[in-house]
Structures are given as C-alpha cells and as structure tokens.
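Good morning, colleagues. Please take a moment with the sequence and the model on the screen before we walk through them together.

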Amino acid sequence: NGLDPNQIRLSRELIKRLGERHTILVSTHILHEVEMTCDRVVIINKGKIRASDTPQNLIRRLRAAGAVSFQMAGDIDTARSKMKLIPGVKKIEKKETRQDWTTFHITTDPNAEIREELFNLAVEGSWKVRELTRHTASLEDAFVDLVKEEEEA
C-alpha cells in the first residue's frame, strides 16, 4: 500500500526474480497482489492453515459460486421468472434500474455457463441487452467464501 503503479510493478518483478532462486515469504491481506506475484498461497484463518495451493487451484477449489451481470430492457418480471428456470442459476438479484435498463446479478453453480441461455431468452422475449458478462473469480473471492463457510459452520 502507498506505492505508485511503477513502484508496485518494480516490487512485483523483484519478488518474482528473487523467488526464482529463493523462497520468499509474503504476509499480506492484499490478495490481488498475492495472485499476481506468488506461485503458492497459504490461507490462514484464526491462526490455523485452512488452505494451501497455487492461486489458480485455490480459486477453482474454494470458489463456491459463479456470477453473471445481465443488463436488459423489457418485461422484468417475465425475465426474472424465466431466468430462474435456467439450470445452474442459484440466485437472481436486481441491482439497479436506470431509465428502462435493469441490471441483474445472477449467482450460479461454480462451473455453470448460462450466458448463451440468457441470450436466447432475450431474443425469444425481444429484450434489449446492454451487458452480459461472466465474472471471473479471484483469490479474494475464494478467501471470502472459505472464511464465510467456516463462520457459518
């Protein structure tokens, strides 16, 4: 924290270069930097090791859900009821409506790919679509899911 973008890049490069010949231990809550810099991650929660792997494997293993943003104009009630029927859809949240455009945040099963079915529903219902984006999970998402899961247990 507190470094300008050039300093951040130089620090990342230095850590990576040193890591080629040495073990570098980085302790941080800035998980975006961990994801960009480290080959291996250990997640510690309440003093205990909860997970250890590469950032990519942790994201795949720990991320409990996928997400899609869908912005449309059209019959919102019909859209919501049809979206609920798509296999893999877990939750649909209406985020905002501006003018005629409504944005939904759709939570899915981890590997569910629903964009094509959403598109087909939009064509079938003559909805206008301005956004249809799948959100890629991050190490931060995986960490939050892991900690939340432990707190709920």
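Leaving aside neighbours within four places in sequence, which residues is Thr103 in contact with? This is a predicted model, and in it Thr103 contacts Phe70, Gln71, Glu93, Lys94, Lys95 and Glu96, once those neighbours are set aside. Thr103 itself sits in strand S5, residues 101-108. Thr103 counts as buried because its relative accessible area is 11%, and the cut-off for that term is under 20%.

Let me turn to the interior. The largest nonpolar core has 16 residues, and those touching the most other members are Phe70, Met83, Phe104, Ile106, Ile114, Leu118 and Trp127. At least two residues of this core come from each of strand S3 (66-73), helix H4 (76-83), strand S4 (89-98), S5 and helix H5 (115-125). Apart from this core lies another, of 12 residues, which includes Val34, Cys38, Leu62 and Leu146.

Consider Ile106 in particular. Beyond its neighbours within four places in sequence, Ile106 has contacts that include Val68, Phe70, Met83, Ile92, Ile114 and Leu118.

Finally, I come to strand S1, residues 41-45. Its side chains alternate: Val41, Ile43 and Asn45 point to one face and are buried, whereas Val42 and Ile44 point to the other and are not. S1 runs antiparallel to strand S2, residues 48-53, and five bridges join the two. One of the residues concerned is Asn45, whose bridge partner in S2 is Lys48. Together S1 and S2 form a hairpin with two residues between them, and in the turn Lys46 has a positive phi of about 55°.

Conventions
Residues numbered from 1 in each chain as written. Predicted model: local features only at pLDDT ≥ 70, side-chain atom pairs only at ≥ 80, totals over all residues. Heavy atoms only, no water. Helix = DSSP H or I, 4+ residues; strand = E, 2+ residues; numbered from the N terminus. Buried < 20%, exposed > 50% of the residue type's maximum accessible area, 1.4 Å probe, protein only. Contact = heavy atoms within 4.5 Å. Core = buried A, V, L, I, M, F, W, Y, C linked by side-chain atoms within 4.5 Å. Pairing = 2+ DSSP bridges.
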